[in-house]
Amino acid sequence: MSLPPGFLDELRTRLSLGQVVGRKVMWDQRKSNQGKGDLWAPCPFHQEKTASFHVDDRKGFYYCFGCHAKGDAISFVRETENVGFMEAIQILAGEAGMPMPERDPAAQQKADESGELAEVMEQAVQHFRLNLQTAAAGEARDYLERRGLSTAAQARWDIGFAPDNGGVLAALTGKGVAQSLVIDAGLAAKSDRGGSPYDRFRGRIIFPIRDARGRAIALGGRAMDPNARAKYLNSPETLLFDKSRTLYNVRNAREAAGKGQPLIVAEGYMDVIALSEAGFQATVAPLGTAVTEHHLRMLWRISDEPIIALDGDVAGLRAAMRTIDIALPLLEAGKSLRFALMPDGMDPDDVLKSKGRGAMQKLLDAAIPMVQLLWQRETEGKTFDSPERKAALDKALREKIKLIEDPSIRAHYGQAIKDLRWGLFSTRKSTKPRQARATYGGRNQSAWERDLHPVATSKSSALGTGAAAEDDLRISAILATIFATPAILAEFDGALEQMDTSNPDHLLLRDALLRHVDADDITAAITAEIGEGPLENLMRQKHLTVIPSIRRAGDVDLARACLAEEFAKLAARRGHPAEIREGEEEITGVTDENLTWRLARAAESVDTTTKKAGKSDDGDFETAQNGAKLSREERGSFSELLSQIKIEKPNKRSS
């Protein structure tokens with residue numbers, strides 16, 4: 001419907017925004033200046049204690065300095081009443097005493113039909129309520145009492161009963177309602193065989209479904225017969241009822257959410273009623289369908305972060321996953337979902353009855369963000385023990401994140417997934433007590449004691465002095481190269497993730513780089529998180545000033561070549577000490593042939609390093625052809641270790 005020119009201007013002129021808003025808020029008298037139209041109150045759109053919601057009555061605009069809600073009288077009515085544009089105009093026009101302009105004939109006819117159907121539905125609701133008090137409804141009343149619904153609660157929710165023989169069609173037509181209206185309202189249906197129309201709801205407890213304006217628009221029926229074809233039956237879609245755009249209890253939930261209660265999305269009528277009766281009045285439920293895009297937009301008009309209360313079974317979790325897939329493309333800044341997971345096999349009603357309101361409150365307080373449930377779906381119950389499986393996980397998560405249209409939210413999701421991935425894949429082998437005892441020159445010492453309390457032997461000093469200093473310099477070059485050319489980080493995040501370091505500054509920088517791979521300004525993001533100290537300590541090292549990849553910052557090709565070489569050398573140099581450590585831990589009283597064979601091969605590599613390498617600039621190191629440096633102490637450690645065992649090639653038949 002189009003409005004004539006000047007209608008909205010006249011409407012705004014006649015209305016005082018302060019009066020419109022004043023129906024929903026309490027003005028802060030100390031902060032407000034009524035004479036100047038400068039009004040302040042706690043915001044009706046989010047929970048707060050201070051008055052940050054400002055109304056400029058003269059200009060006709062409002063703005064919240066907390067949640068940044070803004071608009072005029074029309075937008076205020078739309079948001080607080082959860083109505084469309086034309087419905088908001090009708091409400092305001094009624095307050096201003098302005099007649100609505102004439103609609104076109106077709107629109108007027110549709111509005112008249114809707115009004116008639118709403119009246120028919122209200123008569124049906126009252127009919128079913130009276131039926132609940134009859135003798136035929138005894139079993140239904142017993143059921144409701146067992147579910148914890150008192151007579152007063154049944155009245156609050158307008159719960160009724162349809163006996164096995166129906167009766168609403170006859171009752172309404174007996175009062176002069178046209179049979180066609182009863183059918184159009186979804187209360188009765190025509191027979192496929194050409195017989196008389198019949199009642200849709202028979203042998204069921206009736207739950208009226210109301211829209212945001214409080215009109216009865218449909219019914220939900222719970223079968224009393226356990227063998228009924230459908231346990232729950234909703235009205236068919238009509239001129240009044242579109243299940244994909246309707247939420248059960250939306251009117252009451254919107255009002256409660258406006259007073260600060262968290263908005264909860266449950267699965268069905270009984271969950272909504274149980275939660276509301278327990279004090280969680282901002283609770284809604286979809287009607288016979290999964291949560292739709294329209295549902296989500298309705299929810300976000302009421303609350304920025306609704307909580308999806310999941311039944312603790314496979315079906316509940318599956319429904320949550322479908323909701324995530326629908327929500328991802330719709331996410332906006334400040335608009336998201338959280339998920340409260342019920343105990344296994346329980347729904348919210350079960351939790352309230354068996355554990356009480358406090359337990360439900362704890363579950364709601366512990367609701368997890370959507371990104372965490374998305375991660376859980378892709379990882380729970382799966383093993384990622386191969387590069388292919390890890391790559392498959394990365395691909396699946398990337399495909400989901402691509403669905404997010406908002407670039408800022410997409411970037412934050414990517415970072416959150418990086419953090420979760422780091423937690424899954426970066427775990428190092430913990431140092432645990434071992435039962436086996438290792439023999440070192442006739443002395444027994446458990447490997448875990450040695451790990452926790454290193455002994456200052458020639459071996460440990462060889463692996464911890466010059467070699468560690470060599471690693472420290474190489475890691476410094478790697479980190480500095482990445483900071484000089486951040487664009488290269490994504491190509492080497494896997495190698496960086498596997499890079500061990502005992503230097504606390506290096507450790508901080510490495511972990512921070514992995515957390516901020518997708519940041520627009522990596523340096524700024526990292527210094528904001530861990531401070532400037534670690535990066536300053538890194539970059540002040542003198543040897544870095546002569547490294548080409550650092551001097552020529554931003555040269556991606558040069559940085560790529562440098563990092564590839566440094567990571568390769570670091571891995572090669574650490575190979576020999578790893579063999580020594582493994583050999584020390586695995587030697588027992590009886591020599592294992594496979595172990596001795598592996599150490600023999602390592603010994604051959606040591607010999608190759610010595611014979612083919614020339615003297616390095618470091619003096620105490622010899623450099624192999626692959627770029628790895630082996631200290632003379634390390635060669636001595638190999639010699640001492642190998643002298644304790646007899647080197648034999650494993651028998652092929654036994655290996």
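What follows is a walk through this predicted model, from the whole chain down to single residues. Residues are numbered from 1 along the chain as its sequence is written, and side-chain values use heavy atoms, with hydrogens and water left out. Because the model is predicted, local features need pLDDT of at least 70 and side-chain atom pairs count only at pLDDT 80 or more, while totals for chains, interfaces and linings use all residues.

Let's begin with the whole protein chain. Its secondary structure comes to 29 helices and 20 strands; these are DSSP runs numbered from the N terminus, with helices being H or I of at least four residues and strands being E of at least two. Of the 655 residues in the chain, 44% are buried. Here buried means under 20% relative accessible area, exposed means over 50%, and partly exposed lies in between, using a 1.4 Å probe and protein chains only. Among contacts with a separation of 6 or more, 64% join residues 24 or more positions apart, where a contact means heavy atoms within 4.5 Å.

Now to the interior. A nonpolar core is a set of buried Ala, Val, Leu, Ile, Met, Phe, Trp, Tyr and Cys residues joined through side-chain atoms within 4.5 Å. The largest such core has 62 residues, and Ile159, Leu187 and Tyr248 touch the most other members. Helix α5 (residues 105-131) gives the most to this core, with seven residues. A second, separate core holds 42 residues, including Ala327, Leu328, Leu397 and Tyr413.

Tyr248 is a good place to pause. Leaving out residues up to four places away in sequence, its contacts include Trp157, Phe207, Pro208 and Ile209, and also Tyr269, Val272 and Ile273. Those last three bring us to helix α11, where Tyr269, Val272 and Ile273 are among the buried residues. Why can helix α11 (residues 269-277) be called largely enclosed by the rest of the structure? Eight of its nine residues are buried, so the surrounding structure encloses most of the helix.

Ser276 is another buried member of α11, with a relative accessible area of 8%. Beyond its neighbours within four places in sequence, Ser276 is in contact with Trp157, Asn249, Gln281 and Thr283. Its C-alpha lies 9.5 Å from that of Asn249, although the two are 27 residues apart in sequence. Just after α11, Gly279 takes a positive phi of about 110°.

Gly279 leads naturally to two other backbone angles. Most residues other than glycine have a negative phi. Asp158, which is not a glycine, nevertheless has a positive phi of about 55°. Asp158 sits in the loop between α7 (151-156) and β5 (160-162) and counts as buried at 13% relative accessibility. His68 likewise is not a glycine and has a positive phi, of about 70°; its loop runs between β3 (61-64) and β4 (70-71).

Next, look at Thr80 in helix α3 (residues 73-81). Is Thr80 buried or exposed? It is buried, because its relative accessible area is 15%. Its side chain reaches the backbone oxygen of Phe76 at 2.7 Å. Thr80 also touches Lys24, Phe45 and Arg254, not counting residues up to four places away in sequence.

Two loop residues offer a contrast in setting. Leu239, in the loop between β10 (232-234) and β11 (247-248), is partly exposed with a relative accessible area of 35%. Leu239 and Leu117 are 122 residues apart in sequence, and their C-alpha atoms are 8.2 Å apart. Gln541 lies in the loop between α25 (533-539) and α26 (548-551) and is partly exposed at 21% relative accessibility. Gln541 touches Ser476 and His506, not counting residues up to four places away in sequence. The C-alpha atoms of Gln541 and Ala480 are separated by 9.9 Å, with their positions 61 residues apart along the chain.

Finally, turn to a helix pair. The axes of α16 (residues 370-379) and α17 (residues 387-401) come within 10 Å and cross at roughly 145°; axes are lines fitted to C-alpha atoms over the stretch in contact, with angles from 0 to 180 degrees between N-to-C directions. On the α16 side, Leu374, Trp375, Arg377, Glu378 and Thr379 meet Leu393, Ala396, Leu397 and Lys400 of α17. Leu397 is also a member of the second core.

How values were computed. Polar contact = N/O pair within 3.5 Å; in protein donor to acceptor, adjacent residues only side chain to side chain.
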